[in-house]
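Hi everyone, thanks for coming. Have the sequence and the model open, and we'll walk through them together.

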Amino acid sequence: MALKGKVALVTGSTSGIGLGIARALAAEGASIMLNGFGDAGEIEKLRADLEKEFSVKVAYDGADLSKPDQVAVLVQKTQDALGGIDVLVNNAGIQFTAPVEEFPEAKWEAIISINLSAVFYGMKAAIPAMKKQGWGRIINIASAHGLVASPHKVAYVAAKHGVVGATKVAAIETANDGITVNAICPGWVLTPLVQKQLEDRAKEAGTDVDTEKKKMLQETQPMLKFSTPEEIGALAVFLCSDGAATITGTPVSIDGGWVSH
Ligand code: NAD
């Protein structure tokens, strides 16, 4: 129970990687502020189930992180509802695929605002409280695409490279405040976001999702297997632990060997 008494805000935690991280932090005793979209009844069930399973306080706020002012409000609501903010996981993200010359401006704007600007606004809002208490852990969910490029992902790759850069700056600035700021760079994780990409690829190639899964891994991940939300959650717990106290400003890869080959 390394995080007993701590409060963690995990953005985009109604699904996928964010939910995996929220579960892992709750298992270590942290109170959790959930955020993200979904059916209201299902989210309330998720919130209540997590509270019961891990015996921690779990709150939810549906702030839309494409709107800059809502990020600071979400950080404040976390402090109001749960008594502080010790861990901030900037995880919410979206994706869209098209060649540069066909990439719609509105998709560029949406991806940059949710995947990159919200990370900046989140850190800006949380760092003062973390400085005051002399302890904080910020984890920004970047991607293998924060370190290397793939075609047709111009906004996503730009945003994720930006997340890695912003992480390094915030880490240097808070290095003597008891705060660490790191980025997690996952390869492929089978979440709704990737399922949609697989379905699109299968439709375009006239194949099926299983064939595209194999091709996706062969193209990128030497281990030929997906990482899981549980594995990303375990890495987040480690980055919050005393053992990781001097890891800061680091993009940590968890990608089956993707960026090494
Ligand atoms: P997902 O689609 O399963 O979950 C995304 C979450 O973000 C959901 O809870 C959704 O409701 C929330 N969200 C989306 N737009 C939002 C908004 N405007 N405001 C608030 N919440 C919003 O996706 P995922 O695969 O779990 O991705 C989570 C993060 O991990 C993203 O930043 C993504 O880029 C990154 N990532 C994913 C993979 C992967 O293979 N799945 C790999 C590398 C990085």
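The domain bounds I'll use come from an automatic or database domain assignment. With those bounds, the protein chain splits into domain 1 (7-189 + 227-254) and domain 2 (190-226). Quick housekeeping: residues are numbered from 1 along each chain as its sequence is written. And this is a predicted model, where local features need pLDDT of at least 70, side-chain atom pairs count only at pLDDT 80 or more, and totals for chains, interfaces and linings use all residues.

How far apart are the C-alpha centres of domain 1 and domain 2? They lie 24 Å apart. The contact takes eleven residues from domain 1 and eleven residues from domain 2, where contact means C-beta atoms, placed from the backbone, within 7 Å.

For residue classes, Ala, Val, Leu, Ile, Met, Phe, Trp, Tyr, Cys and Pro count as nonpolar, Asp, Glu, Lys and Arg as charged, and the others, Gly among them, as polar. On that scheme, the side of domain 1 touching domain 2 has four nonpolar, seven polar and no charged residues.

Now the ligand. It is surrounded by 29 residues, counting a residue as near if its C-beta atom, placed from the backbone, lies within 6 Å. The closest are Gly 12, Gly 16, Gly 36, Gly 93 and Thr 191. Helices H1 (16-27), H4 (105-133) and H6 (192-205) each give two or more residues to this shell; helices here are DSSP runs (H or I, at least four residues), numbered from the N terminus. By class, the shell has 13 nonpolar, 15 polar and one charged residues. Why does the ligand lie between the domains? Because domain 1 and domain 2 both give residues to its shell.

Next, helix packing. Axes are lines fitted to C-alpha atoms over the stretch in contact, and angles run from 0 to 180 degrees between N-to-C directions. H1 packs on H8 (residues 229-240) at about 50 degrees, with the axes 7 Å apart. That makes H1 and H8 oblique to each other: under 35 degrees counts as roughly parallel, over 145 as roughly antiparallel, 65 to 115 as roughly perpendicular and the rest as oblique. On the H1 side, the contact includes Gly 16, Ile 17 and Leu 19, and Gly 16 is also one of the closest residues to the ligand.

Last pair: the axes of H6 and H7 (residues 209-220) come within 8 Å and cross at roughly 105 degrees. So H6 is roughly perpendicular to H7. Their contact has five nonpolar, one polar and four charged residues.

Methods: Two residues are in contact if their C-beta atoms, placed from the backbone, lie within 7 Å.
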